[in-house]
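Hi everyone, thanks for coming. Let me put the structure up so that we can walk through it together.

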Number of protein chains: 2
Amino acid sequence: MERSNLRDKAAIVGIGETEYSKGSGMNHTALLLQAAARAIEDAGLSPKDIDGVVPAINLITFEDLAVNLGTEDLKYAASPNMGGASSVATLLSAAMAVASGIATNVLCVAGWNGYSAMRFSGLGKAMDASASPMPMPSMLAKLRDFEMPYGVFVPAQWYAPMAIRHMHEYGTTSRQLGAVAVACRKHAQLNERAMMRGRPMTIDDHQNSRMIVTPFRLFDCSLESDGAAAAVVTSADRAADMRHRPVYIMGVAEGHPVPADQIAGRRDMFQIGLSFAAPRAFAVAGVTPKDIDVAEIYDCFTWSVICQLEAMGFCERGEGGPFVEGGRIELGGELPINTHGGLLSQAHIMGMNHVVEAVRQLRGDAGEAQVKDAEIALVTGWGDLADGSIAILRR
Amino acid sequence: MERSNLRDKAAIVGIGETEYSKGSGMNHTALLLQAAARAIEDAGLSPKDIDGVVPAINLITFEDLAVNLGTEDLKYAASPNMGGASSVATLLSAAMAVASGIATNVLCVAGWNGYSAMRFSGLGKAMDASASPMPMPSMLAKLRDFEMPYGVFVPAQWYAPMAIRHMHEYGTTSRQLGAVAVACRKHAQLNERAMMRGRPMTIDDHQNSRMIVTPFRLFDCSLESDGAAAAVVTSADRAADMRHRPVYIMGVAEGHPVPADQIAGRRDMFQIGLSFAAPRAFAVAGVTPKDIDVAEIYDCFTWSVICQLEAMGFCERGEGGPFVEGGRIELGGELPINTHGGLLSQAHIMGMNHVVEAVRQLRGDAGEAQVKDAEIALVTGWGDLADGSIAILRR
């Protein structure tokens, strides 16, 4: 396998977040700017130092982001536009830009008013763009033309057949899905920034929650949230002199399943984007799943975590269900995941909060949720019809 | 100035175009795919060899592009999304991706049904997205919220005040604008792929054409066209063994004016995106304007060419008008520009046809329009509110 030469060339040197809520009271641009400004300040930089911007998805133009931030000489801008895989994919573009010397300090940012303006549970209505307060990104043609007309509007509907197939093939159970939800909720209790702090959940709560799309119960689904998060990436050389201990990007990759535009057409439904991306990222990083101290795994749905653990090789195909049981993925377990609460119990802002949490863990700043001596962390993204992204980070 | 390390790391090894017309009879996806397939074939590759896709703007999802093309392991995807500056900016993303070893062969593609589906002269209507046959990209907020409500819908309206200011400050004349139109039209007569072949134009024709937005007459405005073009970028190492003589990317950059989101708010109206990008690209390439044998300059309007010539240093500020007179920019002149006819007389497909023509010139394949012994070519892009991009290419 041909390998990228990006290992340890770039580092995350600043992180920032807005409050996560069900009503930000801010418009989309203001949300992104608040997270961005906090990340830039955290890096000890000023907005004028930012010369690259990579918004995860194109719900905002680069110009609007740059101007309102106060950037004056923007040298690179692009958007990954892969739905929930976009946040981690921003790190790929940013690492390329700083390694190439095209830009010096690149801002990666994601967020939305996912509750108050662009709620998934109202997506059918939002597809009528004239009724939407935000522009809609381009849609996958097959989904738009051949599935949505039959009422297949929301991600719970897209991924449910994958989960059902997994349960059928490998005996994965709803209680195993619940173990992911319980772990995330447990971790959210330790995080003052988590929307579900103060609202603990048991496996029985999960089992008793109402069915949304079989097999996904309410507590298998991620939150609908307003909020944004951001990270600043610079070259490894410059990072060494900055305010915080740098978090180096050891390996980063994106991947797309085949065919990328339709789940039902795949020969292997569990060969997701991450199945392609993870081996590349691990090879570049020079580590294996055994080396990972903490993993922030994109958890749009509980089952997605199980599928990704298998795709990355943390366990064999079909063994993801048993793998997540018994506390293995909880703090104190063999592989603590989503130590901030994840999309399931902190907030769903397309996964940039996972990047922020990985950096906190590697800085040793994760408070009560700190994984002791965490040296290597992993972050993943999952978007559109199971496109994937992965970053392996080290302190 | 900090320099990028991308010099000569990547090369364009394949080019492709559709027919340019006022009615393609194909949908947007089919247009892009036809251009892409031709570029891939020209490179001597198969669609399976493509592992990066960079559509200029996100009127299509990466997934739709990849799946319909037959790509099976997509490792990189992003869109510059800078309007007419996007086509040349795709070369920046592609060069970064192959130089980083993230992808091997990257497809850059742009196009649209700019006449039959998304016609600028009907843009007011198209802004009502429910009436549009294509998704609209994100809009600049200030333009959308504070200018469009007053009827400022089309690019001719956005840039006209810049041209008027230039005429006021420097005495630039309508006949000088016309010299650009005449040069492009003259070159189109030599190009069987040009929409305006067979329809020659004199400076009097230009002067007698109707006013669209003062000072832009009909023949100051680029065409409205259906069509698409594409280029395949690979690493310089691999390029050496491929079907055609490689065209190396010596320097490539993008730039954004300040503020990027509003022309009227700029302290210096002629400090455009290219004013920032060009010095960086020339520095990396290690050449100066004197070394350029042929220049394909984004010509959404005649005056834009004059402004860009000044921004790149081909002449002093204010001297662009006299510079383009007397045949200097025509074939046989000191600096032949838009040897294919440009957006003004070949087709307006967001400028990817400029990239294709530059490659043809450097391969020595430009037929009757060939600039003898062309060794170094330059291509520019101009989009949104004068964002800019530039690539300096050599054979």
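I'll talk about the interface, then one helix, then the cysteines.

First, some housekeeping: this is a predicted model, where local features need pLDDT of at least 70, side-chain atom pairs count only at pLDDT 80 or more, and totals for chains, interfaces and linings use all residues. Residues are numbered from 1 along each chain as its sequence is written, chains are lettered from A and ligands numbered from 1 in the order in which they are written, and side-chain values use heavy atoms, leaving out hydrogens and water.

So how many residues of chain A are in contact with chain B? There are 53, and they meet 53 residues of chain B, contact meaning heavy atoms within 4.5 Å. Two salt bridges cross this interface, each a side-chain nitrogen of Lys or Arg within 4 Å of a carboxyl oxygen of Asp or Glu. Asp73(A) pairs with Arg280(B), their closest N and O atoms 3.3 Å apart.

Now to helix H2 of chain A, residues 62–69, where six of the eight residues are buried, that is, under 20% relative accessible area with a 1.4 Å probe, protein chains only. Helices here are DSSP runs of H or I, at least four residues, and strands are E runs of at least two, numbered from the N terminus. Among the buried ones are Phe62(A) and Leu69(A). Right after the helix, Gly70(A) has a positive phi, near 100 degrees.

Finally, the cysteines: there are zero disulfides over all chains, a disulfide being two cysteine sulfurs within 2.5 Å. For Cys221(B), the nearest cysteine sulfur, in Cys300(B), is 9.5 Å away.

Definitions and conventions
Buried means under 20% relative accessible area, exposed over 50%, partly exposed in between (1.4 Å probe, protein chains only).
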